[in-house]
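Here is a short, friendly briefing on how the inside of this protein is packed. Please have a look at the chain first, and then we can go through its cores and its cavity together.

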Amino acid sequence: MHTPFSDGMKWHAEIASDAIRAELDFIIVTDHNIKVGGVEGYYVEESGRVLLLTGEEVHDMRRKPQSNHFLVIGAREELSQFSSDPQNLIDKTQASGGYGFLAHPFDPEMPGFNLASLGWQDWEIENYAGLEIWNYMSNFKGHLDSPLKA
């Protein structure tokens with residue numbers, strides 16, 4: 001999930017409140033190219049509690065299209081400065097004590113809207129911890145093949 005620090009609509013406490021209502025145990029918020037500190041921990045309401053963790057969704061904003069999004073969890077430092085070299089980003093993530101996951105690796109393009117895929121492109125990499133197997137936005141985009149359907 002994302003907050004207004006990148007392209008989200010709700011702040012951390014609001015997301016945590018929604019997660020409590022959904023009876024989730026934990027959530028991880030990964031804003032684009034920024035490591036937000038000071039918001040991790042348990043959020044408690046009368047109806048329950050949720051553990052909120054943060055990370056960073058790193059991608060090269062200069063790349064066209066802006067593919068190769070990488071979720072960094074548990075790193076001790078912000079890693080967006082390494083976004084242009086995916087293998088170096090993976091290596092720096094591990095060196096900083098973090099784990100990295102390929103975000104929406106199979107994101108569809110949207111030709112009816114002139115939008116390219118934001119999926120993973122540079123597959124000559126190794127040592128990432130895992131990959132995202134389902135992404136709501138990628139799934140949603142897959143159904144929008146015309147402006148009328150949108």
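Helices and strands here are DSSP runs, numbered from the N terminus, with at least four residues for a helix (H or I) and at least two for a strand (E). Please keep in mind that this is a predicted model.

**Nonpolar cores**

- The largest nonpolar core has 11 residues: V58, F70, V72, A75, L79, F82, L89, I90, L102, W120 and I125.
- Two elements, β4 (70-73) and α2 (86-95), each contribute at least two residues to this core.
- A second core, separate from that one, has 10 residues, including I20, V29, V39 and L52.

**A closer look at I125**

- Which residues does I125 touch, leaving out those up to four places away in sequence? They are P86, Q87, I90, L102 and W120.
- Among these partners, I90, L102 and W120 belong to the largest nonpolar core, as does I125 itself.

**The cavity**

- Searching the whole structure turns up one cavity of 30 Å³ or more.
- The largest cavity holds about 40 Å³ of space.
- Its lining is formed by K35, T54, G55, E56, V72, I73, G74, A75 and E77.
- Which strands each give at least two residues to this lining? They are β3 (48-58) and β4.
- The largest share of the lining, three residues, comes from β3.
- Sorted by class, the lining has three nonpolar, three polar and three charged residues.

**Where core and cavity meet**

- V72 and A75 appear both in the largest nonpolar core and in the lining of the largest cavity.

Methods. Residues numbered from 1 in each chain as written. Predicted model: local features only at pLDDT ≥ 70, side-chain atom pairs only at ≥ 80, totals over all residues. Heavy atoms only, no water. Core = buried A, V, L, I, M, F, W, Y, C linked by side-chain atoms within 4.5 Å. Buried < 20%, exposed > 50% of the residue type's maximum accessible area, 1.4 Å probe, protein only. Contact = heavy atoms within 4.5 Å. 1 Å grid on protein atoms, 1.4 Å probe; cavity = no way out; pocket = protein on both sides within 12 Å on 5 of 7 lines; lining within 4 Å. Points joined across faces, edges and corners; volume = space filled by probe spheres on them. Nonpolar A, V, L, I, M, F, W, Y, C, P; charged D, E, K, R; others polar.
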